[in-house]
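User: I'd like a close look at one part of this model, chain B and how it is put together. Could you walk me through it in one go?

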Amino acid sequence: MMKNETILEIVGKIADRISEEKLFLTELDNAIADGDHGINMSRGFEAVKEKLSGADIAVPADLFKLVGMTLVSTVGGAAGPLYGTAFMNMAKALKDRTELSLEDFLKALEGAVEGVKMRGKSTTGEKTMLDAMVPSLEAMKAAFAEGKDTKAVLEAGVNAAREGVEYTKTIAATKGRASYIGERSIGHQDPGATSYTMMLEEVKKAVV
Amino acid sequence: MKKFINLPENCENEMIQGLVKAFPGYVKKLDCGNVIVRSEKKRNKVALISGGGSGHEPAHAGYVGTGMLDCAVPGAVFTSPTPDQIYEGIKAIATPEGVLMIIKNYTGDIMNFEMAQEMAEMDDIKVAGVVVDDDVAVQNSTWTTGRRGVAGTIFVHKIAGAMAETGASLEEVERVAKETIANVRTMGVALTPCTVPAAGTPGFSIGEDELEMGIGIHGEPGVNRQKMKPVNEIIDELLDHILADLDFAGSEVAVMLNSSGGTPLMELYIAYDHLADVLAENNVKVYRSYVGEYMTSLEMQGLSVTLLRLNDERKALLNAAADTIAFKEFGGRS
């Protein structure tokens, strides 16, 4: 499904997308918290692009590790440790695989989800990125188990992630900075769930 | 957006450079990044580190110095610093006695400080952490992340810092820090939003005749939006929340009336005129008062009231000498 070149290309696309959506993500964050999500993520992914351009990468795991470490050291806030841990856990799950099958990709995402849960001491239903990550992973695993092709699997994932974002509008935040306003966060979509969905959309566009 | 800046993306770096140039007798910056330490490392004591987003100046770099912090780690504006930055700070100030991290209760701050602690512990540095959550505006329940850490943090810097300076153990410094946290309460209010330089537009909008009660120090929404009213009534409402939350009656307190950055001293003194009277009416004895800019939110017009309940130990530690850019205590007062 993916070799190093494809993954590099996708990470570049994700960086561009986050950069384009910087103000939108910041507006979402402003509505319920402190309004830095877009700015921070964009700064982080710009740094990722720069780091990757000169890096010596043998296997996908190296690449994910570098992305994770760069995000941790440049994003800050909550998103830095969360996305950083997610990417580093993907690296751990892949070890020395030279190429990613769809199954490897799902296994790596499983590691990412576990990492975010552990680092954020969080689970679904708390209006966080997990509300997009968990249902999209489950949808992809189900589609994969049914023997669907890469395109159908990723579509199922993106659709579930989008539904997850919609779901975050209906609930109050109980984790993260948005939790401080509790009920007043209802009606707003979660910026982290949104940025995750954007990433998955870029994966789908590039692979399919 | 109209600000005295150059490029928005350079704000944090240029601010730190300016601070270090202005106060070389107090602080210096590490070469590896935006990490502020005392100009002369103090040994034979527990070292204190704090940090958080920039935009709250003088917090926290203004409190680095004798009797308070050993290191402050500023992140981007309103964004927690990163683990590698905090880790560099911990390494720079570490002593065999250990390092205490003073963290404000925000998800990002806690995660970044925890990651830094894990990294430092791999180097066999003894690290403990306390989390400040003094804001009574937000619910404290198992269903939320808990209360926010705001201006009460400065009292934790002062009291834990004074304890550390006596040569007390990490456990003892941690204990007084925790007891300070348990006895400090704050609530804030804002009349205007503030603009994060990199965002370029205000964090929220509010009518000319409105106020946001219970505002957070990053411009996070508060408990409710109200019509503007005289400051005496605003102070009454803030104190209602604070006094209902912890029993201050009959106690001696330290009180801090803090400007969010855009409130002139004139208005703070007007507010304090009434604040002092209401405290007296409620049998709360003001032992020491602090009025000014301690924990700001860029140019926001706003203020916060903090009360710290004192006992003999906290009184002595509050009185101990401190010499930092933004907080000075000559010591020896009673």
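Analyst: Here is a tour of chain B, going from its domains to its sheet, its helices, its core and finally its contact with chain A. Keep in mind that this is a predicted model.

Let's start with the overall layout. The domain assignment splits chain B into domain 1 (8-182) and domain 2 (184-311). Taken over C-alpha atoms, the centres of domain 1 and domain 2 of chain B are 23 Å apart. Where these two domains meet, domain 1 of chain B puts in 24 residues and domain 2 of chain B puts in 29 residues. On the domain 1 side, α4 (153-165) and α5 of chain B each supply at least two residues, and α4(B) has the largest share, with three residues. Sorted by type, that side of domain 1 of chain B has 13 nonpolar, six polar and five charged residues.

Now for the sheet. Six strands of chain B make an open sheet with mixed pairing, in the order β1-β2-β5-β3-β6-β7. The edges are β1 (27-29) and β7 (127-132) of chain B; each has a single partner strand, so one side of each has no neighbour in the sheet. On average, and ignoring direction, neighbouring strands of this sheet are turned by 25° against each other. At the β7 edge, β7(B) runs parallel to strand β6 (residues 99-104) of chain B, and six bridges join them. One of the pairs here is Val99(B) with its bridge partner Val127(B) in β7(B). Helix α5 (residues 170-182) of chain B lies across β6 and β7 of chain B, at about 5° to β7(B).

There is more strand pairing further along the chain. Strand β8 (residues 184-190) of chain B pairs with strand β9 (residues 210-213) of chain B in the antiparallel sense, over two bridges, and Ala190(B) sits opposite Glu212(B) in β9(B). β9(B) also pairs with strand β10 (residues 224-227) of chain B, again antiparallel, over four bridges. In that pairing Met213(B) faces Asn224(B) in β10(B).

What about the inside? The largest nonpolar core has 162 residues, and the members that touch the most others are Ile49(B), Val64(B), Cys71(B), Ile90(B) and Ala160(B). The biggest contribution to this core, 10 residues, is from α5(A). Domain 1 (8-182) and domain 2 (184-311) of chain B each give the core at least three residues. A separate core of seven residues includes Val77(B), Val196(B), Ala198(B) and Ala199(B).

Two of those well-connected members are worth a second look. Leaving out residues up to four places away in sequence, Val64(B) touches a set that includes Tyr26(B), Val27(B), Ile36(B), Cys71(B) and Thr324(B). Ile90(B) belongs to α2(B) and is buried there, as are Ile86(B), Tyr87(B) and Ile93(B), among others. Helix α2 (residues 83-93) of chain B is mostly covered, with eight of its 11 residues buried.

Last comes the partner chain. 31 residues of chain B are in contact with 27 residues of chain A. On the chain A side, the elements giving two or more residues are α2 (22-32), α3 (37-54), α4 (60-74), α5 (79-94) and α6 (102-120) of chain A. α4(A) gives the most, with three residues. By type, the chain A side divides into seven nonpolar, 14 polar and six charged residues.

Conventions
Residues numbered from 1 in each chain as written. Chains lettered and ligands numbered in written order. Predicted model: local features only at pLDDT ≥ 70, side-chain atom pairs only at ≥ 80, totals over all residues. Contact = placed C-beta atoms within 7 Å. Nonpolar A, V, L, I, M, F, W, Y, C, P; charged D, E, K, R; others polar. Core = buried A, V, L, I, M, F, W, Y, C linked by C-beta atoms within 7 Å. Buried ≥ 20, exposed ≤ 12 C-beta atoms within 10 Å, placed from the backbone. Domains from an automatic or database assignment. Pairing = 2+ DSSP bridges. Axes fitted to C-alpha atoms, helices over the stretch in contact; angles between N-to-C directions.
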